[in-house]
Amino acid sequence: MVSFLSGYLYAADGMPTVSGRDSGTLSESGYELTWSRGKTENFLKSALGGRENTEFQEKFLYYEGNTLHFARGDGAPVYDMRFCASEIQDRQVTVTGELIEWANSGTNTEGVYRITLEYDPESLFFYHVSSAEPADNPAGYFTYAEASSVLEPQFGYSYDASNVLDGDPGTAWVEGADGLGIGESVTLYSDTPQKVHGIRILEGYMKNQDIYDKNSVPYRFRLEFSGGTVIETNPQEVLSSPDTAGVLASRKNKMALEDGLTADEIKQQNMEDFISIGGEVETTYIKITILDVEPGTKYEDTAISEIIPY
């Protein structure tokens, strides 16, 4: 709910019906807005339909006595909802959207949420949020993978396509074609149609920094879906501007490894690279084709450790 409150505060800053902020100051986390507790709670009642406020103790949004501090500018993340779909029924609107966190360190996807808004003439916004829940996660329904080629087992390890679905970022699918693997593909299958909004992806062999460096890392892809949708994208090294529509792709695995995080930590913190479709695609398969790679220092073999549809 902190993310949604942040959105309301950004939207309402300076609106006369809300009285605006109390003050703005510079702090260790950058530029801060300060709001009185009374003003904040009136805000929440309008946004949440009168439900009681919870105490906020977040890095960029926290209470100190009777004042709410809300960081803006350098260092403070901005949350953006990328619209996917909506349903209208009587006095309710249910919006499905992907929550994106933009920060100086790059961009993360927090996953897809279903937000139900109730018509409320007493709200400053004419609607209040009655629920915000994670949408159904399709990841567990993609249970089988096959690849155009697979490297022969070596050193006691196998490099099958199934490794991208095993939940272990220390294993990988490694293509087995001659050269750098450009044009090779891995396909994930589900027995039933799934609503997919994008994929999280750990490119390269993420077992450790040494293995990652020695093997080739893919960085440009074509995604194909059973309904005929085709997407080509090139994840960026750093993506920290919310002014991006349509397909969105962010590349952070490499930097996170260099910063000392393990592959497990990257996955636990939702810091995988990702490709966001910017909408909703219903599909029974996702085919990911490698279009370009960064060569490894020792091997031409190109690897992908994990693919997680969301």
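This passage walks through a predicted model of a protein, from the overall make-up down to single residues.

To start with the big picture, the protein has 310 residues, and 46% of them count as buried. Its secondary structure comes to five helices and 16 strands. Among contacts with a separation of 6 or more, 66% are between residues 24 or more positions apart. The protein exposes about 14700 Å², and carbon and sulfur atoms supply 47% of that area.

One part of this picture is an open sheet of four strands, in the order 5-6-7-8, with antiparallel pairing. Strand 5 (78-89) and strand 8 (127-134) sit at the edges, each pairing on one side only. From one strand to the next, the twist averages 30°. Strand 7 (residues 106-119) and strand 8 run antiparallel and are joined by seven bridges. As an example of the pairing, Tyr 119 has Tyr 127 in strand 8 as its bridge partner. Strand 6 (residues 92-103) is home to Leu 99. Leu 99 has a relative accessible area of 6%, so it counts as buried, the cut-off being under 20%. Its C-alpha atom is separated by 9.1 Å from that of Phe 83, a residue 16 positions away along the chain.

Further along the chain, strand 15 (residues 273-294) takes part in several pairings. With strand 11 (residues 185-203), strand 15 pairs in the antiparallel sense over twelve bridges. Here Ile 199 has Ile 275 in strand 15 as its bridge partner. Strand 14 (residues 248-250) also pairs with strand 15 in the antiparallel sense, over three bridges, and Leu 248 stands opposite Ser 276. Strand 12 (residues 217-225) is another partner, joined to strand 15 by eight bridges in an antiparallel arrangement. In strand 12, Val 217 stands opposite Glu 294 of strand 15, while Arg 222 faces Thr 289 of strand 15.

Strand 12 has a second antiparallel neighbour, strand 13 (residues 230-233), to which it is joined by four bridges. Leu 223 stands opposite Ile 231 in this pairing. The two strands form a hairpin with four residues between them, and Gly 228 takes a positive phi near 105° there.

This hairpin also brings charged side chains into play. A search of the whole structure finds five salt bridges. In general, side chains of opposite charge can pair when their charged atoms come close. Arg 222 forms a salt bridge with Glu 224, the closest N and O atoms being 3.3 Å apart. Arg 222 also meets the side chain of Glu 232 in a salt bridge, at 3.6 Å from N to O. Because Glu 232 lies in strand 13 and Arg 222 in strand 12, this second pair ties together parts that are ten residues apart in sequence. Arg 222, Glu 224 and Glu 232 are thus linked in a network of salt bridges. Two members of the network are described as partly exposed: Arg 222 has a relative accessible area of 24%, and Glu 224 has one of 21%.

Another salt bridge is found in helix 3 (residues 209-214), which holds both Asp 210 and Lys 214. The two residues are four apart, or about one turn of the helix, and their side chains meet at 3.2 Å, N to O. Asp 210 is partly exposed, with a relative accessible area of 41%. Lys 214 is partly exposed too, with a value of 22%.

Asp 301 offers a contrasting case. This residue is in the loop between strand 15 and strand 16 (303-309). Asp 301 is buried yet has no salt bridge. Lys 298 carries the nearest side chain of opposite charge, and it is 10 Å away, whereas a salt bridge needs the nitrogen and oxygen atoms to be within 4 Å. Leaving aside neighbours within four places in sequence, Asp 301 is in contact with Leu 151, Val 174, Glu 175, Asn 215 and Ser 216.

Terms used:
Residues are numbered from 1 along each chain as its sequence is written. This is a predicted model: local features need pLDDT of at least 70, side-chain atom pairs count only at pLDDT 80 or more; totals for chains, interfaces and linings use all residues. Side-chain values use heavy atoms; hydrogens and water are left out. Buried means under 20% relative accessible area, exposed over 50%, partly exposed in between (1.4 Å probe, protein chains only). Contact means heavy atoms within 4.5 Å. Accessible areas come from the Shrake-Rupley method with a 1.4 Å probe; for residues, only the protein chains shown count as cover. Two strands pair if DSSP finds at least two bridges between them. Axes are lines fitted to C-alpha atoms, for helices over the stretch in contact, and angles run from 0 to 180 degrees between N-to-C directions. Lys and Arg count as positive and Asp and Glu as negative; His and the chain ends are not counted.
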